[in-house]
Structures are given as structure tokens and as C-alpha cells.
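Let's take a walk through this model together. Have the sequence and the 3D view open as you read.

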Amino acid sequence: MSGSGKKIVAVSNRLPITVKRGDSGLEIKSGAGGLVTALAPVLRNRGGTWIGWLGHSGTLEIEGLLEKASIDTGYELYPVWLTEDEVNNYYHGFSNEVLWPLYHDLQTRCRFEPRYWDFYLAVNKKFAAAVETKSTEEDFVWVHDYHLTHLARELKERGVSRKTGFFLHIPFPTLDIFLRLPWRRQILEAMLEYDLVGFQTLRDRRHFVQCVQSLVPGARIRGRGQVLKATYRGRELRIGTFPISIDYRGFATDAASEPVSTTAWYLHEALPERQVILGVDRLDYTKGIPERLWAFETALERYPELKEKVTLVQVVVPSREDVEEYKALKAEIDGLVGKINGRFTSSGWVPIHYLYRSLDRTELLAYYRLAEIALVTPLKDGMNLVCKEYCACNIEGKGVLVLSEFAGAAAQLHRWALMVNPYDVINVSDAIHKAFTMGRKERRSRMSRMRANIRRQDIFWWVNSFLQAAFSSKLDAFPQVIEDYIPDQQKILVRKFHP
Ligand code: GDG
């Protein structure tokens, strides 16, 4: 891998750990997400550090535990402490009430509160101070996500010189939407202070480039392919596309394990002679859960043969439950599930099984493995890892993926998934019916191609290509094929870049 030997300092809003109070006091558990799986070996091998907030206010007790956890993980975990005001204004405020809805095209949900911005800058400064403490000039600082767009700029303000990369996990909006942001110029200019800026898809990068070209005088962007070059204020930076993925082999191997196989068998036995349709989402208005329930109801109305033959298992993982908007969303989902079940339930058949909790890994993988159909229909999503995990776990190749055109994953999977507009309930209901009636041969053929695609560009490929883009001296060292997807064109626009 290029840049080998350089120590990596990963920075994200949250540290990749969970802190819980157990019988013997506070306990720290390492996070199990794909990003941790991929970055952990890189950090371990190079002696890295991960900087982030713990998710709540800290105590001395936690500091001691973190030291121990750092020894266990093989890399250092370094906490940034935030005050209650900072959490409210930087995290709940600017990050979750401004950037999150705006970047998901839901500008009417934004609250452009000027106070949020001041706190956002102050917390980015705090993170920059932590980076200064925990890194040297030789290290590579890899910053994750929209909470920390100003980190490179704040480092420069402190006179700290570091090589920096930034990856945006969520979408980047079109110019028309981005223009609403009162701090639009500041955000773009701050992003241009990184040495490498990465996006999930060509769509997001195209939007970013258009915003920069329209709003930042003096910035020049050129080139084609996976990684572009830009110049701004006399320095050069790179702007690339790196679709994030999962630990494919880890998921496929675990899905075939004895505990997952047994759990899958028992769960499906309880739903005999039925096709299971699966939805798995964090409680969030971007995931399109009410729209999906409405589409499922429409499918039962339009295709009566589905009755008693399908069960929708909808898992909703609690998230941001203390926020009013999320409470309202939860109430809406509860109401819709009740209404649809009340309307269609018959003796021995309940159309929707609704699980409002987080599943453990064995149960989650069992559902992925047993479901004949996955409904992944976000209104907008940076990538969406659930659809990739579903394919990786579908070891029998019997599953059909129904996928939103507005998920980043559409660019890679659109040829073999059933693509839908999540706002079009008729379209989604037709796709449910098409998936239900799809023969075994077609299912296998589509699923095996999706699996091959995800296996080829897995999470380790993603880490490597980001680091390669940060370090390689020549950009023609980039032989990657990255595809673009624009829905409903006469001819689907597919751009391939070859060496
Ligand atoms: C952001 C972007 C982008 C879900 N339910 C359970 C559970 N999960 C895990 C899944 C998956 C993860 O949560 C969800 O990942 P997504 O990618 O679908 O969505 P976000 O959380 O919104 O993530 C997104 C991602 O960043 C990465 O760049 O793809 O677009 O919004 O890994 O497995 N895990 C367990 N139990 C559950 O019930 N254990």
C-alpha cells in the first residue's frame, strides 16, 4: 500500500467503541462496524490513533478504561470531551439539524440557527487541538464525515502542518440545494484545505465540483477518472470517488456458520410457505420507512395473490430517540404498521413483523440469509451498507434485492437489483410483485453478480484506494472502474474509467 510506514490518525465524531454500565461498573466494547474492521489492522500495523467523542460526558473512570481498551485494540483511542452545550449545538444542532437533512435533500427539515455554526467551529477547533497533540508532521490524518469539515482549516490556523484526507460518508447535494446553506462558501473553502477529499459516488463528487466551480472563485478542478486534481490558494489537492463497502468475506463466512444457520432455520420455520421480505434501518427519516410501508400495503391491494404468501419483517434500530422529529417518525411507523396489520391480518398470518430494537449479529445475519427479498428503499443514502451485507450473506443465492435509485449503492448494483423510485408506491409495489414471482435461475444469476461485485470492491479495497489516492505520485496509477448511475435516462448513463 502506498504511504506505507506512515502512521494513520483517524478522526471521527464518535470513537468506534460503546461504553455501557455493566454489573462490574463501566465496560468498554470495541465497535463492530465495517470501518473499524478495515481501519483497525492499518492502525495496528502502523501504530495509529483514533480520535473522537465518546458519545456522552466522560469521567476519570473512563480514561482508565480507554487506556486498557487501547492496549486490547492495538491502537490508541483518544477521547475529545464535549460539554453539554457543545453536544446540543455542534452535534444535535449543526450536524444533525443542518448538514444531515440538507445533504439528504430535505432542506425543509433544516434549522439554520446561527448559534449552531459558532459551536461547530469551536468543536472543530477542539478536535484540531487533539490532532495536534496526538500526531506528528510525518503522520497522515484521515478525517471522517460531515461533523468535521473544518478540521484541516483549523489545523492550519494553529500553524500545524499535516497531510490530511477527508471522506464524506453521506451524499453531497446539488448546487440548487446547497445554496440554501448560510455558510455555503465557508464549508466549501474549508473542504478545499484537505489534501484529499473523497466522496461515495460520482454523483456526489459531481455536485461538489459544481458547487466549488460556482461559489469559490480561484479554485480550479481538472482531470477525469476516479481522482481529479484541483488547485486552490496556490496549492494542489485531489478529489476522488471511493464507494465504501463491507468486509465481504467476514459476512459470507459468518452467514454460513452453525449459529447463524440454525437461527435462520428456526426463524423461517415460524413463517412456513412464505417469502420473507426484509427491511433493516436505523430510525431515520432519510431511510423511507413510512413510504415503504405504504408501498407494501399498495402491493397487497394490487396483487391479492401476495396475501398469506409474504411477510414483511421490518427491523427499526432505535436512534436519536430524544429528538422530537424522531419521536414523531416512530409514532408514524407504529401507526402505519398497526393500520396495515389491522386491515390485512387473517387467521395464522400477520403481514408485518415489526422489530423496534437492535438485533445481535447472529440474528441480523440470520435474517439476511433467510429473506427471499430485501427492500432497501432510502429516500437518499450516501451508500447503504445493509444492501451489501444482505448480498454477502445470501449464500444460497435465492434473494432478490429491491434497491432505491437514490442509494449510493445503486451505482454498483443497478444492473442486477430491481431499481425503484422510493417515492413511487406503485413502482415499489410492482417491484415487490416482480421479486415475489422471480424464478430461481434469474435470482441466482442476479445475486451471484452482485456478490462478485461486492467481493471485488470490499472494505479493504476501499481503504487501500483512499490511501493510494492520498500518496501515489502519479494519478494514472488508478486503474479502478467506477460507475455512475442516473435513473430513468433513455439509456442508463454508465461511465467507466479505465487506466
Ligand atoms: C452512514 C451513511 C453509509 C443495522 N441494524 C442493525 C445493525 N445495523 C448495521 C448494519 C450496517 C449499519 O448498521 C447501517 O449502515 P448504513 O450504511 O445502512 O447506514 P448509516 O448508519 O446511515 O451510515 C450510509 C455509511 O455511513 C458508511 O459510509 O453507507 O449511507 O448514512 O452496517 O449492519 N447492526 C446490528 N443490529 C442491527 O439490528 N448489529
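At the start of α13, which backbone nitrogen does a side-chain oxygen of D360 reach to? The partner is T362, whose backbone nitrogen sits within 3.2 Å of that D360 oxygen. Pairs like this count as polar contacts when two N or O atoms are within 3.5 Å; inside the protein, one must be able to donate a hydrogen and the other to accept it, and residues adjacent in sequence count only if both atoms are side-chain atoms.

A word on what you're looking at: this is a predicted model, where local features need pLDDT of at least 70 and side-chain atom pairs count only at pLDDT 80 or more, while totals for chains, interfaces and linings use all residues. Residues are numbered from 1 along each chain as its sequence is written, and side-chain values use heavy atoms, with hydrogens and water left out.

Now follow helix α13 itself, residues 361-370 (helices are DSSP runs of H or I, at least four residues; strands are runs of E, at least two; both are numbered from the N terminus). Because 8 of its 10 residues are buried, α13 is largely enclosed by the rest of the structure. Buried here means under 20% relative accessible area, with a 1.4 Å probe and protein chains only. Among those buried residues are E363, Y367 and R369. The buried residues of α13 pack against several elements, including α9 (248-255), β12 (275-282) and α14 (386-393).

Helix α14 makes a good next stop. There, 8 of the 8 residues are buried, so α14 too is largely enclosed by the rest of the structure. K388 and E389 are among them.

E389 also brings us to the ligand: together with H169, L359, D381 and L385, E389 comes nearest of the 19 residues around the ligand (a residue counts as near if one of its heavy atoms lies within 4 Å). β12, α13 and α14 each supply at least two residues of this shell. For polar partners, look at R282, with a polar side-chain atom 2.9 Å from a ligand oxygen, and at N384, where a backbone N or O atom lies 3.0 Å from an oxygen atom of the ligand. The protein covers 77% of the 740 Å² of accessible area that the ligand has on its own (Shrake-Rupley method, 1.4 Å probe).

Finally, zoom out. The chain is divided into domain 1 (8-244 + 458-498) and domain 2 (248-456), with bounds from an automatic or database domain assignment. Contact between them (heavy atoms within 4.5 Å) takes 26 residues from domain 1 and 28 from domain 2. The ligand shell draws at least three residues from each domain.

Definitions and conventions. Buried < 20%, exposed > 50% of the residue type's maximum accessible area, 1.4 Å probe, protein only.
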